[in-house]
Amino acid sequence: MGRYFDDLETRSADAREAALAQDLPKVIARALTAPGLRAHLGDVDPASITSRAALAKLPVLRKSDLGAAQKSAAPFGGLTTKPAHAFAHIFQSPGPIYEPGDVSRDWWRLGRFLHACGVGEGDIVQNCFGYHLTPAGMIFENGARAVGAAVLPAGTGQTELQVRAAVDIGCTVYAGTPDYLKVILDKAEEMGEGLSFARAAVSGGALFPSLRKEYADRGIQCLQCYATADLGNVAYESDAMEGMIVDEGVIVEIVRPGTGDPVPAGEVGEVVVTTLNPDYPLVRFATGDMSAVMAGESPCGRTNMRIKGWMGRADQTAKIKGMFVRPEQVAAFVAAHPEVVKARVIATRDGEMDAMTVQIETEATEADRFGAGIVSALKLKGKIELLAPGSLPNDGLVIEDQRKYD
């Protein structure tokens, strides 16, 4: 096994951008062959989309858009470039949302992550992701096949049987959610059995530092990836364990919640992903997850952009005084006032009543000048606080709900 999955991982920044300029027009042209994506993207010339800046001018596709499209054009909303019967699998996720899947090599690109985990020929992966309706089990199985590992399709639950199988088969790698590995390890101790897990590839939940340390103390290196049912692998850890490296098959943007506008490097925002998958070419798909770009390159030698991992959800909608306030309304207020750098709505309680404060980063000194704009955008009146630019925390929040419900 080589150190890297392929040469793409160590390209120079110039080489990666040159490849992007070649790939993007093809991706957009392919996307326009899918009726649902063509309707969403509108009148766009694929030849004009040759850079990240040009890509950022296209509309964002949200999960709600995907669900609405699927209701009118089942099962995939016209967002795939081939019919449903041409895929190997059709999955159902909560919503319900339907996702396609295929069995071609590394279709979801999990092989790159598993390779970074040190998984390859000679390994047997105990795959504890679900195989029933949802795609996680097949996503990881497809990745294991890409690196030449065998798979025990264990699925979830039946922990005693999981231990028995791990012992009898000699499974060397665990794949599943971060916390379920501890359940298996503890059950094995209870049963007086020793397991052969040396590595763990996890996703679908928080990997707390204390849990990672516990696995390391038991001789198991545990790395995580950020993947979704719609996009496949988005970013992954290497043994350097410094942030998450963006996968070579996607383009990641960090945008201001409620908009499609990229934020400055290092600022927290919503993760928006364009996938280069020709069968399901989602363009500027908003994940709803928050993260931020990390400066520099990974010490492991992989040169692609890094993100900080999961930092919360972008959907910060709150009901205040009986009215929903959404991030896009806050964004509209900022866009309407060029002198405003950033704004944040804070929901609190004043006795038994809701209260709203709008904090505004600006050089302006008169709060009253923003009152009408706030009512116009948010449909509510509230207290206005003016702050110097740079005062608000870099946490991606545009709506902060400080009310206590217990």
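**Exercise 1. Describe the surroundings of Arg326 in this predicted model: which residues is Arg326 in contact with, leaving aside its neighbours within four places in sequence?**

Solution. Leaving aside neighbours within four places in sequence, Arg326 is in contact with Thr317 and Ile399. The next step is to place the residue: Arg326 belongs to the loop between β16 (323-325) and α10. Its relative accessible area is 34%. Since buried means under 20% and exposed over 50%, Arg326 is therefore classed as partly exposed. Finally, Arg326 can be located with respect to Arg105: the two are separated by 221 residues in sequence and by 41 Å in space, C-alpha to C-alpha.

**Exercise 2. Determine the strand order of the open sheet of four strands, and state which helices pack on this sheet.**

Solution. Start with the order, which is β19-β18-β17-β20, with mixed pairing. Next, consider the edges. β19 (383-387) and β20 (399-401) each have a single partner strand, so one side of each is left without a neighbour in the sheet. Neighbouring strands of this sheet are turned by 20° against each other on average, direction ignored.

One pairing can then be examined in detail. Strand β18 (residues 353-362) and β19 run parallel and are joined by five bridges. Within β19, Leu387 is the bridge partner of Glu361.

The helices complete the picture. Helix α10 (residues 327-336) packs on the sheet and touches β17 (340-350), β18 and β20. The direction of α10 makes about 135° with that of β17. Helix α11 (residues 371-378) also packs on the sheet, where it touches β17, β18 and β19. The direction of α11 makes about 120° with that of β18.

**Exercise 3. Determine how the open sheet of three strands is paired, and decide whether Glu270 in β11 is buried or exposed.**

Solution. The strand order is β10-β11-β12, and the pairing is antiparallel. The edge strands, β10 (250-255) and β12 (285-291), each pair on one side only. From one strand to the next, the twist averages 30°.

As for individual pairings, β10 and β11 run antiparallel and are joined by six bridges. Val252 has Val273, in β11, as its bridge partner.

Glu270 lies in strand β11 (residues 269-275). With a relative accessibility of 2%, Glu270 counts as buried. Leaving aside its neighbours within four places in sequence, its contacts include Arg62, Glu253, Ile254, Gly288, Asp289 and Ala314.

**Exercise 4. State how many aromatic pairs a search of the whole structure finds, and classify the pairs Phe76-Phe87 and Tyr174-Phe197.**

Solution. The search finds seven aromatic pairs. For Phe76 and Phe87, the ring centres are 5.7 Å apart and the planes stand at 80°. Plane angles over 60 degrees count as edge-to-face, so this pair is edge-to-face. Both Phe76 and Phe87 lie in the loop between α4 (63-72) and β1 (89-93), so the pair ties together parts that are 11 residues apart in sequence. Phe76 and Phe87 are buried.

The same steps apply to Tyr174 and Phe197. Their ring centres are 6.2 Å apart and their planes stand at 65°, so the pair is edge-to-face. Tyr174 is in strand β5 (residues 173-176) and Phe197 in the loop between α8 (178-191) and β6 (199-202), so that distant parts of the chain, 23 residues apart, are linked. Tyr174 and Phe197 are both buried.

Two further points concern the environment of Phe87. Ring pairs link Phe76, Phe87, Phe91, Trp107 and Trp108 into a cluster. In addition, Lys82 lies over the face of Phe87, at 4.7 Å from the ring centre.

**Exercise 5. Count the disulfides and explain why Cys128 forms no bond with the closest cysteine sulfur.**

Solution. The criterion is a pair of cysteine sulfur atoms within 2.5 Å. By this rule the count is zero disulfides. For Cys128, the closest cysteine sulfur is that of Cys171, at 8.5 Å, which is too far for a bond. Cys225 is likewise in no disulfide: its nearest cysteine sulfur, in Cys117, is 7.8 Å away.

Accessibility is the last step. Cys128 is buried, with a relative accessible area of 4%, and Cys225 is buried, with a relative accessible area of 5%.

Definitions and conventions
Residues are numbered from 1 along each chain as its sequence is written. This is a predicted model: local features need pLDDT of at least 70, side-chain atom pairs count only at pLDDT 80 or more; totals for chains, interfaces and linings use all residues. Side-chain values use heavy atoms; hydrogens and water are left out. Buried means under 20% relative accessible area, exposed over 50%, partly exposed in between (1.4 Å probe, protein chains only). Rings of Phe, Tyr and Trp (its six-membered ring) pair if their centres lie within 6.5 Å; planes under 30 degrees apart count as stacked, over 60 as edge-to-face and the rest as tilted. Helices (H or I, at least four residues) and strands (E, at least two) are DSSP runs, numbered from the N terminus. A charge sits over a ring if NZ of Lys or CZ of Arg is within 6 Å of the ring centre and within 35 degrees of the ring normal. Two strands pair if DSSP finds at least two bridges between them. Axes are lines fitted to C-alpha atoms, for helices over the stretch in contact, and angles run from 0 to 180 degrees between N-to-C directions. Contact means heavy atoms within 4.5 Å.
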